[in-house]
Amino acid sequence: MESFYINVILPLALRSPFTYRVPLEMVDEMIPGKRVVVPFGPKRLYTALIFETDVAPLKGHTPKEIAYVLDSVPVVTSLQLEFWLWVSQYYMCGLGMVMTAALPNAMRLSSQTNLILLDNEIAIDQLDEVDRMVLANLSDEKLTQIEIIEKLGRKSKIQKSIDKLIRLDLVAVDEALKEEVKPRVRHMVKVCNEYLSEKAMSEAMNKLDRAPKQLFVLTKLLELSGFFNGANLSVERKRLMNLTQSTAAIINALESKGIVKTFEEIDDLSTVTSQETMSSLSDTQKAAYNRLNEIWKDRDIALLHGVTGSGKTLVYAEAINEVVKSGGQVLMLVPEIALTTQLVSRLKGMLNADLMVYHSRFSSKERITMWNQALGENPPQVIVGARSSVFLPFKKLQLVVVDEEHEASYKQSEGLPHYNAKDSAMWLAHEHGAKVLLGSATPTVKSTYLSKSGRYGLVELKERYGNQSLPDIEVVDLRKALKERQMKADFAKESAEEIEKTLKAGKQIIIFQNRRGYAPYQICESCGWNAECVNCDVSLTYHRYFEKLLCHYCSYSFKQPTHCPRCASPRLIVKGLGTEKIEDDLEMLFPDARIARMDADTTRKKSALQNIITAFEEGAYDILVGTQMVTKGLDFENVGLVVVMNADSLWSRPDYQAFERSFQLLTQVSGRAGRKLDRGKVLIQTYNPEHPVIKSVVHHSYEQMYQTQIRERERYHYPPFTKLVKIQVSHTDAKFNRSAAEFLAAKLRGVFGQRILGPEEPPIARIRNRYLRHIYIKLEKDVSHSKAKLALWQCIDLIEGHKEYKKARVQIDVDP
């Protein structure tokens with residue numbers, strides 16, 4: 001054998017794999033799915049993944065030689081590589097971008113990657129001479145580039161040592177450090193053993209007569225720990241403080257008296273405390289489950305269309321348990337990280353299975369651990385995760401459950417690849433021979449169309465579990481309220497009165513406004529100046545919490561001015577309504593109410609989101625103000641009222657799916673009310689009470705919305721009757737970008753004719769100093785999509801090979 005060549009995937013925006021030569025002594029180690037270190041560009045090394053072996057190099061091209069092999073066994077399976085290839089081809093992006101989305105950061109090192117030493121201990125006999133040398137040259141105070149460490153000895157040995165030290169949690173890459181590499185620690189409280197008898201506890205409580213706050217906290221701890229039932233469970237300190245509105249000082253005082261003790265507990269990634277046991281299926285749910293099994297005899301995909309609160313999770317659990325019994329694996333997708341913990345805590349009591357949670361908020365170290373667990377001999381039986389979990393390795397996948405299948409967040413909109421996790425999971429299920437269960441109270445128009453046309457099986461749950469009534473939905477006319485001067489801040493009089501009535505009844509309230517910040521505009525009353533972003537064509541949003549004006553697209557910000565920057569007038573006012581302002585108004589109108597806010601600003605920290613959900617679930621807050629986070633399948637027992645602040649903003653955008661998504665959001669947020677005991681109530685504030693979306697929501701008529709939308713889409717040739725592809729052309733010069741987009745559109749029209757729409761400016765024509773133009777392609781069902789994509793690539797090659805226009809950036813979004 002003279003030479004041996006392999007194709008590798010580099011974690012770069014490259015359209016195809018690169019070919020490298022393999023030293024003869026390494027040929028036997030070449031297996032697809034292993035990582036190798038390769039040179040690319042001037043003096044740079046990257047971790048690449050072997051894609052194909054024993055390939056022929058291009059004529060006239062002399063491939064570089066790989067540096068060394070990182071893995072003894074593949075870290076990516078052959079089926080995963082097929083999946084990556086499908087994602088790359090279907091969504092028209094390079095394999096390198098798929099690799100970047102799929103692998104945890106720490107598995108994709110380069111010479112420019114920074115390392116830092118972690119303060120963790122390990123047995124010295126687990127380290128060899130090279131490991132100790134690497135550790136000796138790293139610091140726990142500053143970052144060190146890998147290329148500096150590589151100069152200490154043979155690069156192959158150094159790189160293998162770095163990979164080993166990362167796995168042993170002795171070293172972290174800078175990306176992992178940003179995401180908190182150390183294990184999550186929970187601060188717990190427990191009653192001391194000396195006070196477990198009723199007599200001892202009674203004496204202790206008598207001594208606290210003069211410390212009522214301490215007595216109240218202790219009583220709550222006894223209730224939560226199961227003391228009165230003979231148990232002594234530990235309780236999270238933060239949870240105890242939230243429920244009692246107390247401080248750490250009160251708990252410390254109890255500890256100093258020897259009544260309680262506090263300690264730290266490592267939070268196990270794969271386990272969540274169960275809060276619910278498996279309820280028996282109702283007759284309706286049994287019929288639905290039996291219908292599912294009938295469908296799966298001749299079809300692979302079933303749509304479970306159940307109204308909010310109908311108990312879809314119980315049906316999921318029944319199907320999951322059957323798969324686990326037969327030794328199979330289940331992937332359950334959820335649209336939001338917010339949903340995972342609450343859903344998992346419910347599922348744990350329903351399932352007889354090992355369950356793992358996976359999403360992007362875990363650190364790189366945690367995700368590598370989970371990846372290896374899924375790749376190992378005893379992989380988790382059930383994986384619950386957000387969209388990135390479709391890239392995990394699966395060995396015995398038999399069922400894919402997609403909860404809230406209508407959610408737009410299954411689509412990756414920021415960064416490549418622009419994949420849809422729901423559609424990708426369906427391809428994955430097909431390749432594994434697994435079944436698919438899509439569930440929603442408001443399925444996508446496309447899913448309902450495919451079920452009505454026989455492609456999917458359809459199962460319906462038309463009533464809530466336990467015969468609970470759907471919420472009473474009322475429309476509040478803001479035009480009338482303004483005309484009659486019956487507004488209290490941004491609440492109509494009837495909304496404010498209903499909030500007060502609900503608070504007096506001891507029920508909780510959700511306020512929905514799909515805009516964060518305090519106000520979306522700040523203007524000068526003297527000269528009309530408006531605070532605008534210097535990088536994007538948008539107004540800056542005022543955030544009172546930060547005292548800043550902030551761009552939600554590029555994060556540009558500056559401190560709120562006291563005088564107008566243009567005319568120096570002090571007459572600056574804010575306009576519009578955000579979640580911060582609603583919170584402020586509520587504090588003024590209802591000073592005794594306990595209010596929480598759930599939006600991107602309050603949930604930035606790793607555990608902040610779950611803390612808010614848990615506290616609201618346990619009654620620590622009376623009112624929860626939130627953006628669309630509060631609409632996504634959360635289950636709160638005591639919510640009696642939901643108020644939608646401004647429904648009109650939901651459908652006021654140029655998108656063929658605007659009405660569908662408005663209906664889904666309004667129906668989903670309405671479904672948070674009255675889920676257990678009393679019938680809930682929903683108030684929708686709007687300037688257009690006669691809008692067709694409002695009428696469909698009020699009458700709980702999904703079918704009415706569906707029929708209207710499907711007729712319009714057929715008439716105007718939108719999905720599901722066509723396939724839509726969006727092409728975005730961007731550049732830092734507006735005139736140049738327009739010219740480049742028109743050049744590309746002309747080339748596309750030469751191939752696709754009247755199927756091309758645009759180029760047009762999007763509603764926001766400049767983001768991060770790049771001007772945007774959009775071109776759309778509508779492809780009929782009978783057109784060969786593979787041939788169409790090939791023709792599209794050829795047109796893009798023309799602009800990328802053009803002397804001038806190659807400076808423009810072109811991105812493709814399939815099924816936008």
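This section describes selected strands, helices and packing contacts of a predicted model.

The N-terminal part of the description concerns strand 4, which spans residues 45-53. Seven of its nine residues are buried, so strand 4 is largely enclosed by the rest of the structure. Strand 4 pairs with strand 1 (residues 4-9) in the antiparallel sense, over four bridges, and within this pairing Val8 has Ile50 of strand 4 as its bridge partner. Strand 3 (residues 35-39) also runs antiparallel to strand 4 and is joined to it by five bridges; here Ala48 of strand 4 is the bridge partner of Val36.

Two helical pairs were examined. Two packed helices are described by the angle between their axes and the distance between the axes. For helix 1 (residues 78-90) and helix 2 (residues 95-102), the axes come within 9 Å and cross at roughly 125°. That angle makes helix 1 oblique to helix 2. The crossing of helix 1 past helix 2 is right-handed. On the side of helix 1, the residues involved are Trp84, Leu85, Val87 and Ser88, which meet Leu95, Val98, Met99 and Ala102 in helix 2.

The second pair consists of helix 22 (residues 658-670) and helix 24 (residues 702-716), whose axes come within 10 Å and cross at roughly 165°. Helix 22 and helix 24 are therefore roughly antiparallel to each other, since an angle over 145 degrees counts as such. Helix 22 passes helix 24 in a left-handed crossing. The contact is made by Phe659, Glu660 and Phe663 in helix 22, and by Tyr702, Met705, Gln709 and Arg713 in helix 24.

Helix 8 comprises 14 residues, 212-225. At 1.5 Å a residue, helix 8 should span 20 Å, and this agrees with the separation of its end C-alpha atoms, which are 20 Å apart. The buried residues of helix 8 are Gln214, Val217, Leu218, Lys220, Leu221, Leu222 and Ser225. Just after helix 8, Gly226 takes a positive phi of about 80°.

An open sheet of seven strands follows the order 14-15-13-16-17-12-18, with parallel pairing. Its edges are formed by strand 14 (355-358) and strand 18 (457-461), each of which pairs on one side only. Direction ignored, neighbouring strands of this sheet are turned by 20° against each other on average. At one end of the order, strand 12 (residues 301-306) and strand 18 pair in the parallel sense over five bridges, and His305 has Glu460 in strand 18 as its bridge partner.

Helices lie across this set of strands. Helix 11 (residues 283-295) lies across strand 12, strand 17 (435-440) and strand 18, and runs at about 175° to strand 18. Helix 12 (residues 312-325) lies across strand 12, strand 13 (329-333), strand 15 (382-385), strand 16 (397-403), strand 17 and strand 18, with an angle of about 170° to strand 16.

A further residue of interest is Ser447, which is found in helix 16 (residues 445-452). Ser447 counts as buried because its relative accessibility is 2%, against a limit of under 20%. Leaving aside its neighbours within four places in sequence, Ser447 is in contact with Leu303, Glu405, Lys422, Leu438 and Tyr456. Of these partners, Leu303 falls within the residue range of strand 12, and Leu438 within that of strand 17.

Strand 32 (residues 722-731) is mostly covered, with 10 of its 10 residues buried. In a regular strand the side chains alternate between the two faces of the sheet. In strand 32, Thr722, Leu724, Lys726, Gln728 and Ser730 point one way, whereas Lys723, Val725, Ile727, Val729 and His731 point the other way, and all are buried. Strand 32 pairs in the antiparallel sense with strand 35 (residues 770-780) over 10 bridges, and Ile775 in strand 35 is the bridge partner of Ile727. Strand 32 also pairs in the antiparallel sense with strand 36 (residues 809-814), over six bridges. In that pairing, the bridge partner of Val729 is Val810 in strand 36.

How values were computed
Residues are numbered from 1 along each chain as its sequence is written. This is a predicted model: local features need pLDDT of at least 70, side-chain atom pairs count only at pLDDT 80 or more; totals for chains, interfaces and linings use all residues. Side-chain values use heavy atoms; hydrogens and water are left out. Helices (H or I, at least four residues) and strands (E, at least two) are DSSP runs, numbered from the N terminus. The expected span of a helix is 1.5 Å times one less than its number of residues. Buried means under 20% relative accessible area, exposed over 50%, partly exposed in between (1.4 Å probe, protein chains only). Two strands pair if DSSP finds at least two bridges between them. Axes are lines fitted to C-alpha atoms, for helices over the stretch in contact, and angles run from 0 to 180 degrees between N-to-C directions. Contact means heavy atoms within 4.5 Å. Angles under 35 degrees count as roughly parallel, over 145 as roughly antiparallel, 65 to 115 as roughly perpendicular and the rest as oblique. A crossing is left-handed if the near helix is turned anticlockwise from the far one by less than a right angle, and right-handed if clockwise.
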